[in-house]
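Dear colleague,

I am handing over the structure we spoke about, and you will find it just below. After it I have set out what a search of it turned up, so that you can follow each point on your own screen.

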Amino acid sequence: MADQSKREKEKENLSKSISAPQAFLIHLISGLGLAISLWVAHNFYSINLVSHPSITLRLIWIVESAIVILIYSRFRIDPQQCSYLKAVVRGILALPVGALVNALGAIALGAPVGIQYLPKTINWSLLMSSFTVAPAASVFGSSWTYWQRIFAQTKPNEPLEYMICIPAHGAVIGGWFGAWPMPLDWERPWQEWPICVTYGAMTGYLVGMLASSGFVLANGRRQRLKED
């Protein structure tokens, strides 16, 4: 009974914590983080993903991970037991763990292995962790119920769950589609690992944020209809 009561309280906190305007603002800030990091790389360091992939990826994931961890930690499911600082710390700790999972998944799907690819793979994996694992860890901590429903079953049912689940899946699917040009014999610089995969992941992430904002808006309307 105690566990059920706790889950119901957490669910109530999730449903009340995010409104459609808040969701849009959070996604807008996250999207601007990507845009600003690419702009800074180009205008201040004269680099980009094609010319200096490792350095550019490092700049992007540092900026993006800081944004998502700091923002999503505000909406942790257990604010009475978990302080804001603790939520930030668990998001930071989850970043390398998520990177390892993403790196192993990419290698299993055919990503190149070798010392020359290691910096690129590490920085790409940390960026993917910023899209997928870090926000979830900041909000849900080690609550297996939420992790299983969002990532294993893909069944989000609350605004905050939509905001984490859909962009994360969008990034993974976008990265997978972005990998398609890699084996083609076009001999273009952007076909190198992980350039096109990164562009695909960022595009999928942005599309996922837009889609999740729509789901949050629809969920809010549905809740208001139920109350009426």
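**The cavity and its lining**

Sorted by class, the residues that line the largest cavity comprise 9 nonpolar, 1 polar and no charged ones. Please keep in mind throughout that this is a predicted model. The cavity in question has a volume of about 50 Å³, and the search of the whole structure, which looked for cavities of 30 Å³ or more, finds 1. If you would like to display its lining, the residues to select are His27, Tyr72, Phe131, Pro135, Met163, Ile164, Pro167, Ala168, Tyr205 and Met209. Helix 8 provides the largest share of that lining, with 4 residues, and both helix 8 and helix 9, the latter covering residues 195-227, supply at least two residues each.

**Salt bridges**

Turning to charged side chains, how many salt bridges does a search of the whole structure find? The search finds 2, and I describe them in turn.

In one of them, Arg90 is paired with Asp78, with 3.5 Å between the closest N and O atoms. Arg90 belongs to helix 4 (residues 84-108), whereas Asp78 sits in the loop between helix 3 (53-72) and helix 4, so this salt bridge ties together parts that lie 12 residues apart in sequence. Arg90 has a relative accessibility of 16% and therefore counts as buried, and Asp78, with a relative accessible area of 17%, is buried as well.

In the other, the side chains of Glu161 and Arg149 meet at an N to O distance of 2.4 Å. Because Glu161 is part of helix 8 (residues 159-178) and Arg149 is part of helix 7 (residues 144-152), this pair likewise ties together parts that are 12 residues apart in sequence. Are these two residues, Glu161 and Arg149, buried or exposed? Both of them are buried. As general background, side chains of opposite charge can pair when their charged atoms come close.

**Cysteines and disulfides**

Since you may ask about cysteines at the bench, I should add that a search of the whole structure for disulfides finds 0. As for individual cysteines, Cys82 has a relative accessible area of 1% and is therefore buried, while Cys165, at 2% relative accessibility, also counts as buried.

With best wishes

Technical notes. Residues are numbered from 1 along each chain as its sequence is written. This is a predicted model: local features need pLDDT of at least 70, side-chain atom pairs count only at pLDDT 80 or more; totals for chains, interfaces and linings use all residues. Side-chain values use heavy atoms; hydrogens and water are left out. A salt bridge is a side-chain nitrogen of Lys or Arg within 4 Å of a carboxyl oxygen of Asp or Glu. Buried means under 20% relative accessible area, exposed over 50%, partly exposed in between (1.4 Å probe, protein chains only). On a 1 Å grid over the protein atoms alone, a cavity is a set of points where a 1.4 Å probe fits but cannot get out, and a pocket is an open set with protein on both sides within 12 Å along at least five of seven lines; lining residues have an atom within 4 Å of a point. Grid points are joined across faces, edges and corners, and a volume is the space filled by probe spheres set on the points. Ala, Val, Leu, Ile, Met, Phe, Trp, Tyr, Cys and Pro count as nonpolar, Asp, Glu, Lys and Arg as charged, and the others, Gly among them, as polar. A disulfide is a pair of cysteine sulfur atoms within 2.5 Å.
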